Amino acid sequence: MKLLKRLPVPATIKQRFILIAILISFVPMIIISIFSTYTYTNATNDYVLNAMQNLLNSIDSNLNIMFGDVKDMVNIVSTLDVVQNISDTKDPSKWDLMKLMGNFTINKNYIKTILISNRSTMYYLDRNTVKLFSSNSVTYTYHQDFFEKINDWFSDIEENNTTGQWLDGKKVDLNNNAIFYGRAFKNMNTMDYIGMIVIGIDKNIFERLNSDKDTNDYKIVIMNQDNILYSSIDALNGGQPAGQEFIRQIHGGGNKNSIQIDTAKYMYSVKTNELTDWKIISLVNTNAMNDKNTSVMIMTAILILLSLFLTIGFVLLSSEKITRQIKLLTLAIGKFEKMEEIDYEFDDKDEVGKIGSEFQRVVNENKALTSNLYNAIIKQKEAELMALQSQINPHFLYNTLNSIYLMAEKIKAKNISAMVLNLSKIFKFALNRGESFTMIKNEIRHVESYLEIQKIRYEDKINVHIEICEDILYKKMVKFIIQPLVENAIYHGLEQKEGPGNLYIYGCLKGDKINFLIKDDGIGFDSESVMSEGRGIGIKNVDERIKLYYGDHYGLQINSQIGVGTEITVVLKDMN
């Protein structure tokens with residue numbers, strides 16, 4: 001649960017809609033696709049195994065039919081007169097032998113040769129010629145080396161003279177593309193052993209047996225105990241090392257399902273032919289199977305991605321319609337926070353739209369009421385100020401201050417004349433024709449007049465530094481903001497400090513706000529305790545006046561440390 005809580009949650013409703021859509025649609029699609037791919041792969045493997053087994057059964061059946069024909073043929077040939085007479089002094093004619101060859105091979109094109117022999121004479125018949133081999137150098141051409149080669153054939157057949165034998169053709173260079181089946185035959189009268197009959201079977205018969213089944217995917221190998229008789233995989237032919245390794249693996253068992261041939265991997269199945277004891281192996285290249293499975297997986301992935309994109313597109317369209325009213329409501333709240341006019345068209349048919357319309361109506365009404373209240377308060381304050389100002393006769397004030405100034409000049413009292421002159425400027429600024437706003441340069445001049453009077457009083461105790469950016473001098477601000485803060489810095493900070501102190505006044509434009517900094521290195525104070533105990537009324541009044549005219553986002557920021565000094569930042573709205 002803790003891990004789930006740490007997972008990032010989408011911030012917007014639209015993002016949550018998309019996430020929910022992905023979880024509802026994409027995750028089940030992934031699970032279904034994995035299950036489908038797994039099922040398809042298993043079904044493909046089962047299909048291939050069944051196809052391989054059917055292929056093996058078909059080839060095995062064809063081999064049984066063919067080998068049954070060969071055995072029947074040997075039995076029939078051994079009883080013919082032309083074969084029985086091979087032991088007599090009179091040899092059969094070539095014509096008789098060619099006739100025999102033609103009669104038995106006319107419908108059996110897989111019969112390549114017939115060999116009839118005893119230990120001294122052998123007749124070799126193929127479809128075109130009859131050859132005679134003899135170990136007697138007097139009567140026939142001497143072929144002692146040939147009879148030495150087939151001597152093992154005689155031995156094998158004599159040992160099993162009642163049954164046929166599949167012979168190793170590599171021992172005799174009669175035909176490299178044939179396999180041989182031999183059996184002993186006897187004199188029909190005396191039942192004495194005469195010799196052997198060997199039938200040469202064309203290896204191409206395996207290709208014909210497998211021609212309608214061997215494809216690029218399915219391969220066939222036929223082998224006996226020692227040799228590969230036929231292979232549709234080239235790497236196993238011609239006595240290559242891969243062929244010997246293949247024989248070893250098949251006889252050794254190994255992996256019952258797969259085998260490696262060179263760089264290719266095959267899945268295989270084996271069936272043993274009961275008549276010959278040959279092994280028929282059906283193989284399928286697993287790379288081809290994997291390619292098909294990969295194609296299915298890629299197609300599934302494409303379909304999943306397409307479904308995902310369609311789902312996300314549908315969710316985006318739906319969520320856009322759903323969240324449009326929420327966005328409008330959010331924008332309305334944002335304008336409400338900025339105290340701006342709200343004017344959006346909400347759809348009253350939508351629940352959120354109804355809330356937005358009602359919110360907009362209430363906010364606009366409250367704004368109008370608030371504006372009226374502010375105007376009433378401002379008018380009240382202005383009325384109070386005008387009432388205070390009206391208590392003093394401006395002409396009397398100016399005439400009195402002018403008389404004092406002239407008397408001070410006559411007696412050369414420069415300090416008195418300077419104080420009176422600056423005091424008259426202060427009163428003139430205070431009256432200001434009854435206006436609440438003034439240019440910043442006038443506010444600074446007012447502060448400078450006030451400081452000139454304080455310098456006369458405190459002499460060299462206060463060092464004043466004023467830096468005001470020129471780009472704000474002609475901008476307007478509420479008057480009587482800076483002077484009360486400067487007065488507070490002198491009376492509560494610098495006056496009580498031992499030795500001289502510094503007073504800094506900075507002013508500059510930052511974005512759409514005008515910032516002033518009034519800073520001193522006086523004794524400082526605990527700002528929280530002073531404000532909480534009800535002291536600092538002058539600062540509080542200035543802050544309230546700023547908020548009254550500019551809004552709650554503007555006002556004073558106070559930072560003071562005892563023994564270090566005080567910084568007061570004034571934040572005003574740029575009225576231009």
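Which residues form a nonpolar patch on the surface? In this predicted model, the patch is made by Leu19, Ile20, Leu23, Ile24, Val27 and Ile31, and together these side chains come with about 550 Å² of accessible area. If you want to find the spot on screen, go to Leu23, which sits in helix α2, running over residues 13–79.

Now bring in the record. The UniProt entry, which is unreviewed, carries the annotation "transmembrane region" for residues 20–40 and also for residues 296–317. Keep in mind that annotations of this kind may be inferred rather than shown by experiment. For the stretch 296–317, the model gives a plain picture: the chain there is 100% helix and 0% strand. From one end of that stretch to the other, the C-alpha atoms are 31 Å apart.

Next, head down the chain to look for enclosed space. The structure has 1 cavity of 30 Å³ or more, and the largest cavity holds about 60 Å³. Who does the lining? Three elements each put in at least two residues: α14 (482–494), β16 (513–520) and β18 (565–573). Of the contributors, α14 gives the most, with 4 residues. Going through the wall by name, you'll meet Asn488, Ala489, His492 and Gly493, then Ile518 and Asp520, then Gly524 and Phe525, and lastly Thr566, Glu567 and Ile568. Sorted by class, that lining comes out as 4 nonpolar, 5 polar and 2 charged residues. Gly counts as polar in this sorting, in case your own scheme does otherwise.

One more stop, this time for charged pairs. The count of salt bridges comes to 4, taking a side-chain nitrogen of Lys or Arg within 4 Å of a carboxyl oxygen of Asp or Glu. One of them joins Asp574 to Lys475, with the closest N and O atoms 3.4 Å apart. Asp574 lies in the segment after β18, while Lys475 is in the loop between β13 (462–468) and β14 (476–478), so this pair ties together parts that are 99 residues apart in sequence. You've already met β18, since it is among the elements lining the largest cavity.

Notes: Residues are numbered from 1 along each chain as its sequence is written. This is a predicted model: local features need pLDDT of at least 70, side-chain atom pairs count only at pLDDT 80 or more; totals for chains, interfaces and linings use all residues. Side-chain values use heavy atoms; hydrogens and water are left out. On a 1 Å grid over the protein atoms alone, a cavity is a set of points where a 1.4 Å probe fits but cannot get out, and a pocket is an open set with protein on both sides within 12 Å along at least five of seven lines; lining residues have an atom within 4 Å of a point. Grid points are joined across faces, edges and corners, and a volume is the space filled by probe spheres set on the points. Patches are made of residues with over 30% relative accessible area and no salt bridge: like charges are joined within 9 Å, nonpolar side chains (Val, Leu, Ile, Met, Phe, Trp, Tyr) within 5 Å. Accessible areas come from the Shrake-Rupley method with a 1.4 Å probe; for residues, only the protein chains shown count as cover.
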